[in-house]
Amino acid sequence: MATNRFELDPERLATTDIEGNRVYLYPEDVVGTWKNRRTYFYWCLIVLYLVLPWVYIKGKPALLINIFTREFTFMGSTLHGVEPILFFLILISGLFFIAFMTSLFGRVWCGWACPQTVFIQTIFAKIETFFEGKARARKILDESPWSAHKIMRKSAKWIVFTIISLHISHTFIGYFIGPRELLSMSLHNPFQNLGIFSAVMIFTGIILLDFGWFREQFCIIACPYGRMQSVMMDQNSLVVAYDVKRGEPRRSPNLPKENEGDCINCYACVKVCPTGIDIRRGTQLECIACTQCIDACDDIMIKVKKPKGLIRYASENALQGGKHKVVTPRSILYLSIFMIFVTSFFYFLNKSTELSFVFMRGSDAPFQMSTEANGQKIVTNHFTVKVSHQGEIHHELFFQVKEPELKNKIQIITPMKPLIMNTAEVKTLMFFKFDPSILIKGTRMIHMDAIAHDHILSTQEVILVGPNP
Ligand code: SF4
Ligand code: SF4
């Protein structure tokens, strides 16, 4: 049975009451080394998340993942017609990298890099404090009856939340269609771009609801990563942990002072926890490794003149007095899978940026015979050539036969010379005219070079056919 409101009932979540209704949390502010580290790191990430797509390099956004046109732009270079496998490989590599980091450092993604944590802690919580005060003042305001004062504060907070959510949402959608294009659409009638307008509005609503109200509930009950983390961790993963051996038995009115451990049972660690848990009960799914409890407890330890680190980053093994192993079979497995996917990504990326061309034989007869004015017989083969290039696309392409002995014996006729390549894929007709004497038993394999800027970009085989002697 609970003795005070911070003594949590082990039978239920800290964020639900006995009837299963949500209990709102009012985590207190904390100061300390870890808070400072996280704040610097969060602001770097915010700059990265919010500014990157608005930065233009060589006239292009620094990062653009246009899934509709299958274009990927990074730091001024664009891949065109990107194969879906590249998107899949980058996504799955990211997931296994997070799994690898989790096996080493526990739920570090949640506390240090997840956009939800970063935006709530750095922006939304600050705005809330500005309009409604610190934790205790917010609780009092929420429990007070509605009044003009309360309506004004709440309205001001939600208006600013909405403006911030609109900006985050535009930036996020900007990653996929380009911020300038999105800005220009925003200045027109929404019905002209109803799909994009709806996407921005829906995403704004989700951000507003999640960052402004749902918050820790998402981490506790909805986030799939939170559910899977126990699979990714083991006894050697570094987690935010309470040192039971040092802290217990915790201070209690019935316990003689000389038998006490270092924990003075002040609940400072519980009061600052954004998911409302008591870390002294061991590693829990709700812990997002935000380190707030480390700073809170260190502050108490300084005040009671005991060493810091009663709550700290440590592995289960180390806390039990064993040796902490940095490299484990689990982390090696995740790192290996990550490396396989990353290698595959670069393999396919390299392949996709090569110029490729495919010869498709015309649908008319495989060859045509004609006779020149001088009586010489000529064979004509007709092809459609499909040229694809997913890297930078502006090439003036020339085609020529590779075999030196055949160069003057085969005439190549194309509608355009050079072939201007300014999209990811172009097609052209190509006719080969040649003397049938170059054929061997009615066929001849030749090699065609595609040349741009005096360099051979690619070479392909072509089989010429003609009359069988
Ligand atoms: S237990 Fe500590 S690290 Fe975990 S969520 Fe709560 S405050 Fe953050
Ligand atoms: S902050 Fe430290 S001393 Fe206070 S209850 Fe938590 S673990 Fe114990």
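Helix α13 gives three residues to the shell around ligand 2, the largest share of that shell. The model is predicted. Helix α13 is also where confidence is highest, at a mean pLDDT of 97.

**The two ligand shells**

The shell around ligand 2 holds 15 residues. Cys-263, Cys-266, Ala-268, Cys-269 and Cys-297 are the closest of them. Two elements give two or more residues each: α12, covering 268-271, and α13, covering 292-303.

Ligand 1 is surrounded by 14 residues. Here the closest are Cys-273, Ile-279, Cys-287, Cys-290 and Cys-293. The table sets out both shells by residue class.

| Shell | Nonpolar | Polar | Charged |
|---|---|---|---|
| Ligand 1 | eleven residues | three residues | no residues |
| Ligand 2 | twelve residues | two residues | one residue |

**Domains**

The protein is divided into three domains. Domain 1 takes in 1-25 and 235-327, domain 2 takes in 33-82 and 107-230, and domain 3 spans 356-465. Domain 1 meets domain 2 through 17 of its own residues, which are in contact with 16 residues of domain 2. On the domain 1 side, ten of these residues are nonpolar, four are polar and three are charged. The C-alpha centres of domain 1 and domain 2 are 31 Å apart.

**The three-stranded sheet**

Strands β3, β4 and β5 form an open sheet in that order, with antiparallel pairing. Why is one side of β3 and of β5 left without a neighbour in the sheet? Both stand at the edges and have a single partner strand each, so one side of each stays free of a neighbour in the sheet. On average, neighbouring strands are turned by 15° against each other, direction ignored.

Strand β3 covers residues 63-66 and β4 covers residues 71-74; four bridges join them. Asn-66 stands opposite Glu-71 of β4. The two strands make a hairpin with four residues between them. In that turn, Arg-70 has a positive phi of about 55°.

Strand β4 goes on to pair with β5, residues 77-79, over three bridges. Two facing pairs can be named. Phe-72 stands opposite Leu-79 in β5, and Thr-73 stands opposite Thr-78 in β5. The β4-β5 hairpin has two residues between its strands. Met-75 takes a positive phi there, near 50°.

**The four-stranded sheet**

A further open sheet has the order β13-β11-β15-β16, and its pairing is antiparallel. Its edge strands are β13 (419-421) and β16 (455-465), each pairing on one side only. Neighbouring strands in this sheet are turned by 30° against each other on average, direction ignored.

In the interior of that order, β11 (residues 395-401) and β15 (residues 443-452) pair in the antiparallel sense over four bridges. Gln-400 stands opposite Asp-449 in β15.

**Confidence**

Mean pLDDT for the protein is 88, and 98% of its residues reach 70 or more. Where is confidence lowest? It is lowest in β5, at a mean of 77. Where pLDDT is low, the predicted coordinates should not be read in detail.

Definitions and conventions: Residues are numbered from 1 along each chain as its sequence is written. Chains are lettered from A and ligands numbered from 1 in the order in which they are written. This is a predicted model: local features need pLDDT of at least 70, side-chain atom pairs count only at pLDDT 80 or more; totals for chains, interfaces and linings use all residues. Two strands pair if DSSP finds at least two bridges between them. Domain bounds come from an automatic or database domain assignment. Two residues are in contact if their C-beta atoms, placed from the backbone, lie within 7 Å. Ala, Val, Leu, Ile, Met, Phe, Trp, Tyr, Cys and Pro count as nonpolar, Asp, Glu, Lys and Arg as charged, and the others, Gly among them, as polar. Axes are lines fitted to C-alpha atoms, for helices over the stretch in contact, and angles run from 0 to 180 degrees between N-to-C directions. A residue is near a molecule or strand if its C-beta atom, placed from the backbone, lies within 6 Å of it. pLDDT is the predictor's confidence in each residue, from 0 to 100.
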